[in-house]
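This report walks through a single protein chain, beginning with one loop residue and moving outward to a helix, the charged pairs and the chain as a whole.

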Amino acid sequence: MKLIYAIVNNEDSHNVSIALTKAGYFATKLSSSGGFLKAGNNTFLICSEDSQVGDIIEIIKSCSSQRSQFIPAINTEVAGQVGGSFPIEVTVGGATIFVTDIERFEKV
């Protein structure tokens with residue numbers, strides 16, 4: 001058995017949840033936040049048979065897309081002069097997936 005941790009952007013998590021349910025997989029969804037942008041995420045915990053891991057990852061990939069987003073930059077100061085700020089383009093979205101072995105799983 002495997003335990004899949006999938007950290008998914010908030011914008012994609014609803015589609016991931018629906019696709020997993022339609023495919024017959026059960027997941028526990030936890031709210032989480034990222035470190036760099038402090039953006040909202042959802043972490044899915046999915047226990048599955050070894051043979052199902054590839055299918056689950058493909059479902060998550062198909063529902064999670066990376067996209068560009070502009071964030072405000074912090075004003076910079078060079079040689080005592082304050083420079084203007086301009087937005088910085090960053091890539092957000094997609095999913096980060098961890099797969100670990102699990103000795104025992106019980107649903108009670």
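## A serine in a loop

S64 sits in the loop that runs between α2 (53–63) and β4 (66–71). The model is a predicted one, and in it S64 has a relative accessible area of 11% and is therefore buried, since buried means under 20%.

A polar atom of the S64 side chain lies 2.9 Å from the backbone oxygen of I60. Leaving aside residues up to four places away in sequence, S64 touches V8, D12, V16, G94 and A95.

## Helix α1 and its two sides

Helix α1 comprises 13 residues (residues 10–22), which at 1.5 Å a residue should span 18 Å, and the 19 Å between its end C-alpha atoms agrees with that expectation. The buried residues of this helix are D12, S13, V16, A19 and L20. Because they cover an arc of only 135° around the axis, they lie on the same side of α1, whereas E11, H14, T21 and K22 are exposed on the other side. D12 and V16, both among the buried residues of α1, are also among the residues that S64 touches.

At the N-terminal end, α1 is capped by N9, a side-chain oxygen of which lies 2.8 Å from the backbone nitrogen of E11. Just after the helix, G24 adopts a positive phi of about 90°.

## Salt bridges

A search of the whole structure yields 3 salt bridges. One of them joins the side chains of D101 and K2, at 2.3 Å from N to O. Since D101 belongs to strand β8 (residues 95–101) and K2 to strand β1 (residues 2–9), this pair ties together parts that are 99 residues apart in sequence. D101 counts as exposed, with a relative accessibility of 60%.

E58 forms a salt bridge with K61, whose closest N and O atoms are 3.7 Å apart; the two residues are 3 residues apart in helix α2, and so are separated by about one helical turn. E58 counts as partly exposed at 47% relative accessibility. The side chains of E106 and R104 also meet in a salt bridge, at 2.1 Å from N to O; here E106 is partly exposed at 46%, while R104 is exposed at 64%.

## The chain as a whole

The secondary structure of the protein chain comprises 2 helices and 8 strands, and from the N terminus on the elements follow the order β-α-β-β-α-β-β-β-β-β. Of its 108 residues, 28% count as buried.

Among contacts with a separation of 6 or more, 67% are between residues 24 or more positions apart. The accessible surface of the chain comes to about 7400 Å², and carbon and sulfur atoms account for 54% of that area.

Conventions. Residues are numbered from 1 along each chain as its sequence is written. This is a predicted model: local features need pLDDT of at least 70, side-chain atom pairs count only at pLDDT 80 or more; totals for chains, interfaces and linings use all residues. Side-chain values use heavy atoms; hydrogens and water are left out. Helices (H or I, at least four residues) and strands (E, at least two) are DSSP runs, numbered from the N terminus. The expected span of a helix is 1.5 Å times one less than its number of residues. Buried means under 20% relative accessible area, exposed over 50%, partly exposed in between (1.4 Å probe, protein chains only). The arc is that of the directions from the helix axis to the C-beta atoms. A polar contact is a pair of N or O atoms within 3.5 Å; within protein, one must be able to donate a hydrogen and the other to accept it, and residues adjacent in sequence count only if both atoms are side-chain atoms. Contact means heavy atoms within 4.5 Å. Accessible areas come from the Shrake-Rupley method with a 1.4 Å probe; for residues, only the protein chains shown count as cover. A salt bridge is a side-chain nitrogen of Lys or Arg within 4 Å of a carboxyl oxygen of Asp or Glu.
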